[in-house]
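Visitor: Please give me a close look at a single part of this model. I'd like to see how that part fits in with the rest.

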2 protein chains.
Amino acid sequence: MTDQPTTSIWLRPERSGRGPAPTFDRDRLAAAGVALADTHGLAAVTMRAVAQSLGSAPASLYRYVTTRDELLELMIDQVNGEMCYDGLGTGRWLGDLLALARQGRGTYLRHPWLLDALASRSPLGPEAVGYLEHALAALADHPATWRTRLEAVSVMNSVVASLSRAEITRQLPGQTAPQWQQAQQEYLADVVASGRHPYLTAALAQAAPAAGPEPADRIFDRIITRVLTGLLGADGV
Amino acid sequence: MTDQPTTSIWLRPERSGRGPAPTFDRDRLAAAGVALADTHGLAAVTMRAVAQSLGSAPASLYRYVTTRDELLELMIDQVNGEMCYDGLGTGRWLGDLLALARQGRGTYLRHPWLLDALASRSPLGPEAVGYLEHALAALADHPATWRTRLEAVSVMNSVVASLSRAEITRQLPGQTAPQWQQAQQEYLADVVASGRHPYLTAALAQAAPAAGPEPADRIFDRIITRVLTGLLGADGV
DNA sequence: GACTTACTGCGATCGATGTTCGCAGTTCTG
DNA sequence: CAGAACTGCGAACATCGATCGCAGTAAGTC
């Protein structure tokens, strides 16, 4: 009945030298989970499914991870590791932060399940910490409180997530139309037809057509830039 | 085998005149779910639990709702109905939008589960539509594209959610410390102690102490205001 | 080299949950 | 009054996360 002194998976040693060598490691579990989630969605990341894709048994996974949530944490951190920090440190904080935001967008678009996984979780693995460090480094010379900088980075992250979610939602209706979205579209059509809600009707009429003339990249850059300058000032330094 | 022509619950009639009068209605289901979620968290909103709290059987709920997700949709819309739109239409869009943001914050703080429920869902019930209409009405005289206005409202909503989440997270560790947060704190302490990540260390050192001198309301107002002025210009008109 | 210790994979199983099926009863329609 | 269309719901099913305990294996200890 020895209490596990550390509860965070990032502080728990992966192996402690005794017994047979483990067949896998945390990275392989995470990779298997990511592969499953990429192709079949987050709901497909079942302990049984992951085990089967590794040629193992469900119970075996619990040698590497104490709970499914921990597996998701591993997956999140693994895709966070796809970020690349080259070309940063230009001295222009706005450009640096925008570059980080773009990479975040790329990660979200590559792994749509990430938004769902991040939803009710506060994921702070090593890679997330590294990201935060780089984001704050970009603001090293900025004349603002640490608190304000932290706020700005946090708000930027949430806006990046929100914009990416919108893009993903508007993107997949190609074929995988998830049925609840179609129901929503149906309801919106009814709302418009009802005549009440004139403003919403006008907005939808002009916002919908053909994804607009402006490409998604441009919209993203524009919004992120405006949010950041609103929070941190206009001087790109 | 008659296909249900409409899939959205908001277009499906609640009752169609035949048979015995239903014991409950959608509002009562939603209210029961909200009560459960408010006191015991979203995970406690089980079909069985809701049924029991209504003095009914689990299978009976499916007479009112085709799936648990629909029940959550009802709950979300019900708490969205707590918003009050009095005092709006002042002619100053910034003040109007800020008032809406504040109400959103209040709803989140009153119903912490709402953040989890909203996470992987795109909730567009009648109340959400009403909210959108009012938000867009506040921007009626603003010289910006409909698209830009829609973007601004959307970004504001996601920032409101993000700030509220941060507040809730920082608030409940009073006693209900959810254990994963404690694990995260533990890991962060280790990161700080490691010496790498100097920027993060500095930021945490200054951001942590005693919630700072600035009250949460002020921080919220300041961030929302700056984000909105960044997106829509400085003139409060 | 034998014994202990601490691990490994995993079959079997438990408890909980969302959901379905079908039946008996009830009310409206024609 | 007959049938259609509903009502609540007991019983069950499928699936999932997680646990327990056992047999096997490698390291530490003397």
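**Around DNA strand C**

Guide: Let's start at the surface near DNA strand C, where α3 of chain A and α2 (47–53) of chain B each supply at least two residues. A residue is near a strand if its C-beta atom, placed from the backbone, lies within 6 Å of it, and helices here are DSSP runs (H or I, at least four residues; strands are E, at least two), numbered from the N terminus. Before we go on: this is a predicted model, so local features need pLDDT of at least 70 and side-chain atom pairs count only at pLDDT 80 or more, while totals for chains, interfaces and linings use all residues. Residues are numbered from 1 along each chain as its sequence is written, and chains are lettered from A and ligands numbered from 1 in the order in which they are written.

Back to the DNA. The helix giving the most to the surface near strand C is α3(A), with three residues. There are 26 residues around DNA strand C, and G19(A), A57(A), A59(A), R63(A) and R68(B) come nearest. Sorted by class, this surface has 11 nonpolar, nine polar and six charged residues. (Ala, Val, Leu, Ile, Met, Phe, Trp, Tyr, Cys and Pro count as nonpolar, Asp, Glu, Lys and Arg as charged, and the others, Gly among them, as polar.)

Now hop over to DNA strand D, which has 25 residues around it. The nearest of them are R68(A), G19(B), A57(B), A59(B) and R63(B). Here α2 (47–53) and α3 (58–61) of chain A each supply at least two residues, and the classes come to 10 nonpolar, nine polar and six charged.

What does the record say about this stretch of chain A? UniProt, in an unreviewed entry, puts a "DNA-binding region" at residues 46–65 of chain A. (UniProt positions use the numbering used here, feature names are shortened, and annotations may be inferred rather than shown by experiment.) In the model, that span is 55% helix and 0% strand, with its end C-alpha atoms 13 Å apart. The unreviewed entry also places "domain: HTH tetR-type" at residues 23–83 of chain A, a span that is 64% helix and 0% strand and has its end C-alpha atoms 28 Å apart.

Let's zoom out to the whole of chain A. It has 11 helices and zero strands, and its C-alpha trace spans about 70 × 50 × 30 Å along its principal axes. The domain assignment splits chain A into domain 1 (9–80) and domain 2 (93–174 + 215–232), with bounds that come from an automatic or database assignment. Their centres, taken over C-alpha atoms, are 27 Å apart. Where they meet, the contact takes 12 residues from domain 1 of chain A and 13 from domain 2 of chain A. (Two residues are in contact if their C-beta atoms, placed from the backbone, lie within 7 Å.) On the domain 1 side, α1 (26–40) and α4 (68–80) of chain A each give two or more residues, and α4(A) gives the most, with seven.

One residue to look at there is E73(A), which sits in helix α4 of chain A. E73(A) counts as buried because it has 26 C-beta neighbours inside 10 Å. (Buried takes 20 or more other C-beta atoms within 10 Å of a residue's own, exposed takes 12 or fewer, and partly exposed is in between; C-beta atoms are placed from the backbone.) Leaving aside neighbours within four places in sequence, E73(A) is in contact with I9(A), P123(A) and G125(A). The C-alpha atoms of E73(A) and R121(A) are 8.7 Å apart, though 48 residues separate the two along the chain.

Finally, how do the two protein chains meet? Their contact takes 50 residues from chain B and 50 from chain A. On the chain B side, α7(B) gives the most, with 11 residues, and that side has 25 nonpolar, 17 polar and eight charged residues by class.

The largest nonpolar core has 66 residues, and M156(A), V159(A), V227(A), M156(B), V159(B) and V227(B) touch the most other members. (A nonpolar core is a set of buried Ala, Val, Leu, Ile, Met, Phe, Trp, Tyr and Cys residues joined through C-beta atoms within 7 Å.) Leaving aside neighbours within four places in sequence, V159(A) is in contact with I223(A), I224(A), V227(A), V155(B), S158(B) and V159(B).
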